[in-house]
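Student: I would like a close look at one part of this structure, the place where the ligands are bound. Could you take me through the surroundings step by step?

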Amino acid sequence: MTGAGSLIRSAEVLVTSPGRNFVTLRLTTEDGVVGLGDATLNGRELAVVSYLRDHVVPMLIGRDAQRIEDTWQFLYRSAYWRRGPVTMTAVAAVDVALWDIKARTAGLPLYQLLGGASRDGVLVYGHAAGRTTPELFDSIRSQLAEGFRAIRVQTSVPGIDKVYGVSSQPPTGRYQYEPAHRAPLPVEEDWDSRAYLRHLPGVVEAVRAEFGAELPLLHDAHHRLTPIQAARLGKDLEPYDLFWLEDCTPAENQEALRLVRHHTTTPLALGEVLNTIWDYQTLIREQLIDYVRSSVTHAGGITGLRRILDFAGQYQIKSGMHGPTDVSPVGMAAATHLSLAIHNFGIQEYMQHSRLTDEVFRQSFRWADGHLHPGEEPGLGVDYDDDAAGRHPYEPAYLPFNRLKDGTVHDW
Ligand code: GCO
Ligand code: MG
């Protein structure tokens, strides 16, 4: 259906902070059909707000909302300055809002437009963490009780004050970990790779012994190791059969993974900070990873990520979409529709949003037996509640950064 009614009448960039910051693009057509896109880039939210508001919105008004591929190519190529997280998050927001509009216009849940369901539900992984091994065990038990059937485990390391993925507060029921701090400046954390390498394998061994062979276990090294350290860690963890080891080295050096791959059969996941198919060229062609970690939100939307995953599929590389709380419920819904539809689905991350967040973003997904399903509402199945959003104005927040013991800045 193309005609005057499908022209974009308004494009609003909405910012709200129900517990944490979210940026949402809302497009409305002349016919009154609304589409939502997630534009949240944790700790750099307002850069995307400006990119959209100041540069993209004026170009959207009057465009045909049905022309998704053309709009994607236009935004990507006409900017001249391509790729990068700010640009690709902005492109993603427009792309997902247009898919939402197309599916709502068709009266179908988005996954139907992507080829229909390839599975009954989307296996997701939850998160467990502990400052001590007994605390980690409790955290795993509570994730199992929440219904998760695959679990990422993160642990404190003796001698390090604050470790990625582990709250410094005692656990309070449901896993809560919000890396961004509402503070005027980034919080400093500390790091010691040798201490981490000594400590982690024993913890994973204990978890495997306690919870048995069947439970898929994942771990995120969060970009901190050198290639040879990552190779050693992969080898040390082989007996415990990890589902994946994530971001073992900083993602921008694709060649680093050659060395890691050469030494270990532990499956590797990488790419939550990558944004385009070009960032994956070497990783996929040389089969250096097993899972693509990019989210719909940060990799150019459904259109951008599907292109990456089709390329990956030729090499039996599967999806493992990033799904922390800084991907909004709109971004999570888009991911879940895509995960349901593609053939080379692997697993999806799911860090449940807070009650406050869920009041702003009304959702229709289903959650049962460790699997998500996006539901049968037309479009993404998410509605934005302006009244609830208005109660939570934007608050500046930063991700932390790391220093080594001698004061050197290190990857966080
Ligand atoms: C993950 C990620 C996140 C990131 C966060 C940054 O695997 O879920 O590493 O926890 O640190 O999304 O904004
Ligand atoms: Mg990660």
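**The ligand site**

Tutor: In this predicted model, an oxygen atom of ligand 1 is 3.3 Å from an N or O atom in the side chain of His322. The protein covers 95% of the 340 Å² of accessible area that ligand 1 has on its own, and ligand 1 sits in the largest pocket. Around ligand 1 there are 14 residues, of which Asn42, Tyr164, His222, Glu272 and Glu349 are the closest; sorted by class, this shell comprises 4 nonpolar, 3 polar and 7 charged residues.

Two acidic side chains also make polar contacts with ligand 1. Asp220 places a polar side-chain atom 3.0 Å from an oxygen atom of the ligand, and for Glu246 the distance from a polar side-chain atom to an oxygen atom of ligand 1 is likewise 3.0 Å.

Asp220 and Glu246 appear again when one turns to the metal, since the magnesium ion (ligand 2) has as its protein donors Asp220 (OD), Glu246 (OE) and Glu272 (OE), at 2.0 to 2.2 Å. Glu272, one of these donors, is also listed among the closest residues to ligand 1. Along the chain, the donors of the magnesium ion follow the spacing D-x25-E-x25-E. Distant parts of the chain are linked in this way, with Asp220 in strand E7 (residues 217–220) and Glu272 in the loop between strand E9 (268–270) and helix H9 (281–285), 52 residues apart.

The backbone on either side of strand E8 (244–246) deserves a separate look. Asp241, in the loop between helix H7 (227–237) and strand E8, has a phi near 55 degrees, a positive value in a residue other than glycine. Asp247, which belongs to the loop between E8 and helix H8 (256–263), is likewise not a glycine and has a positive phi of about 40 degrees.

Methods: Residues numbered from 1 in each chain as written. Chains lettered and ligands numbered in written order. Predicted model: local features only at pLDDT ≥ 70, side-chain atom pairs only at ≥ 80, totals over all residues. Heavy atoms only, no water. Near = heavy atom within 4 Å. Polar contact = N/O pair within 3.5 Å; in protein donor to acceptor, adjacent residues only side chain to side chain. Areas by Shrake-Rupley, 256 points an atom, 1.4 Å probe, with all protein chains shown as cover. 1 Å grid on protein atoms, 1.4 Å probe; cavity = no way out; pocket = protein on both sides within 12 Å on 5 of 7 lines; lining within 4 Å. Sits in = over half its atoms within 2 Å of the grid points. Nonpolar A, V, L, I, M, F, W, Y, C, P; charged D, E, K, R; others polar. Donors = N, O, S within 2.8 Å, 3.2 Å for Na, K, Ca; no water. Helix = DSSP H or I, 4+ residues; strand = E, 2+ residues; numbered from the N terminus.
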